[in-house]
Amino acid sequence: MAKPLALDFDPIARADELWTSRWGGAPAMAAITSVMRAHQILLSRVDAVVKPYGLTFARYEALVLLTFSRTGELSLSKIGERLMVHPTSVTNTVDRLVRAGLVARRPNPTDGRGVLASITDRGREVVEQATRELMSIDFGLEGYGPGQCQEVFELLRPLRVDAGDFKDSVE
């Protein structure tokens, strides 16, 4: 995990004060800086849990996605779509999972050019073990209660809708 900064002040609050005195108030600057720092902290926490399994959080997410599929396999294009990542990232992720023996690749019988990624028995074991550990630390959000986690989810939802991730059906 990342070494704690252990500062005697909040550097983001300080940056917000300095920003405001120089350019005027910009609550969005403090918000984005906080979100980006939170991303660093959370990624460090979850990566520390999945690293002993030879995973990154991105590879863990791919394994979870395969376990959620009816057949335990998906096309690489579907994986990219569901994980919202570039095809090159999917290829790299799947290649690493294949090398680790957690996923197998095979030609897609319904698409002559496509490839399917299938989770292996070892992949299922690893994803179950890693999931238990991630859940035990509330995915790095152990300082938040369930209601607060739901609030964070809801606060970030409009950003994802505006980015075109999905059509919002909640009114």
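This short talk covers the salt bridges, the aromatic and charged contacts, and helices H5 and H3 of the structure shown above.

Good morning. Please bear in mind throughout that this is a predicted model.

I begin with the salt bridges. The count comes to 6 salt bridges, and I shall discuss three of them, taking each pair in turn.

One of them joins the side chains of Glu-73 and Arg-106, with an N to O distance of 2.6 Å. Glu-73 belongs to strand S1, residues 73-75, and Arg-106 to strand S2, residues 103-107, so this salt bridge ties together parts that are 33 residues apart in sequence. How accessible are the two partners, Glu-73 and Arg-106? Glu-73 has a relative accessible area of 17% and is buried; the cut-off for that class is under 20%. Arg-106, at 36%, is partly exposed.

Strand S2 also takes part in a second salt bridge, that between Asp-95 and Arg-105, where the closest N and O atoms are 2.4 Å apart. Here Asp-95 is supplied by helix H5, residues 87-99, and Arg-105 by S2, so the pair links parts that are 10 residues apart in sequence. Asp-95 counts as partly exposed, with 27% relative accessibility, and Arg-105 likewise counts as partly exposed, with 34%.

The next pair is Asp-168 and Arg-157, whose closest N and O atoms are 3.0 Å apart. Arg-157 is in helix H7, residues 146-162, while Asp-168 lies in the segment after that helix, so the salt bridge ties together parts that are 11 residues apart in sequence. Arg-157 is buried, at 18% relative accessible area, whereas Asp-168 is partly exposed, at 38%.

I now return to helix H5, which supplies Asp-95. Does its length agree or disagree with the expected span? At 1.5 Å a residue, the 13 residues of H5 should span 18 Å, and the end C-alpha atoms are indeed 18 Å apart, so the two values agree.

Which residues of H5 are buried? They are Val-90, Thr-93, Val-94 and Leu-97. These residues cover an arc of only 95° around the axis, which means that they sit on the same side of H5. The spacing follows a familiar principle: an α-helix has 3.6 residues a turn, so residues three or four places apart point the same way. On the face of H5 turned away from the buried side, we find the exposed residues Thr-88 and Arg-99.

What covers the buried residues of H5? The cover includes H3, helix H4 at residues 76-83, S2, and strand S3 at residues 115-119. Thr-93 illustrates the contact in detail. This residue of helix H5 counts as buried, at 14% relative accessibility. Leaving aside residues up to four places away in sequence, Thr-93 touches Ala-58, Arg-59 and Ala-62. Just after H5, Gly-101 adopts a positive phi of about 80°.

That brings me to helix H3, which comprises residues 57-68. Its 12 residues should span 16 Å at 1.5 Å a residue, and the separation of the end C-alpha atoms, 16 Å, agrees. The buried residues in H3 are Arg-59, Tyr-60, Ala-62, Leu-63, Val-64, Leu-65 and Leu-66. Arg-59 and Ala-62 are thus buried residues of H3, and both are touched by Thr-93.

Val-64, also in helix H3, is buried with a relative accessible area of 15%. Its C-alpha atom is separated by 29 Å from that of Lys-3, a residue 61 residues apart from Val-64 along the chain.

Helix H3 also holds an aromatic pair. A search of the whole structure finds 2 aromatic pairs. One of them is formed by Phe-57 and Tyr-60, which are stacked, with 5.7 Å centre to centre and 25° between the planes. Phe-57 and Tyr-60 are 3 residues apart in H3, so about one helical turn separates them. Tyr-60 counts as buried, at 5% relative accessibility.

A further contact involves an aromatic ring and a charged residue. Arg-14 lies over the face of Phe-9, at 4.3 Å from the ring centre.

To close, I would draw your attention again to helix H5. Its buried residues are covered by elements that include H3 and S2, and its Asp-95 forms a salt bridge with Arg-105. Thank you.

How values were computed:
Residues numbered from 1 in each chain as written. Predicted model: local features only at pLDDT ≥ 70, side-chain atom pairs only at ≥ 80, totals over all residues. Heavy atoms only, no water. Salt bridge = Lys/Arg side-chain N within 4 Å of Asp/Glu carboxyl O. Helix = DSSP H or I, 4+ residues; strand = E, 2+ residues; numbered from the N terminus. Buried < 20%, exposed > 50% of the residue type's maximum accessible area, 1.4 Å probe, protein only. Phe/Tyr/Trp six-rings, centres within 6.5 Å; stacked < 30°, edge-to-face > 60°. Lys NZ or Arg CZ within 6 Å of the ring centre and 35° of its normal. Expected span 1.5 Å × (residues − 1). Arc of directions from axis to C-beta. Contact = heavy atoms within 4.5 Å.
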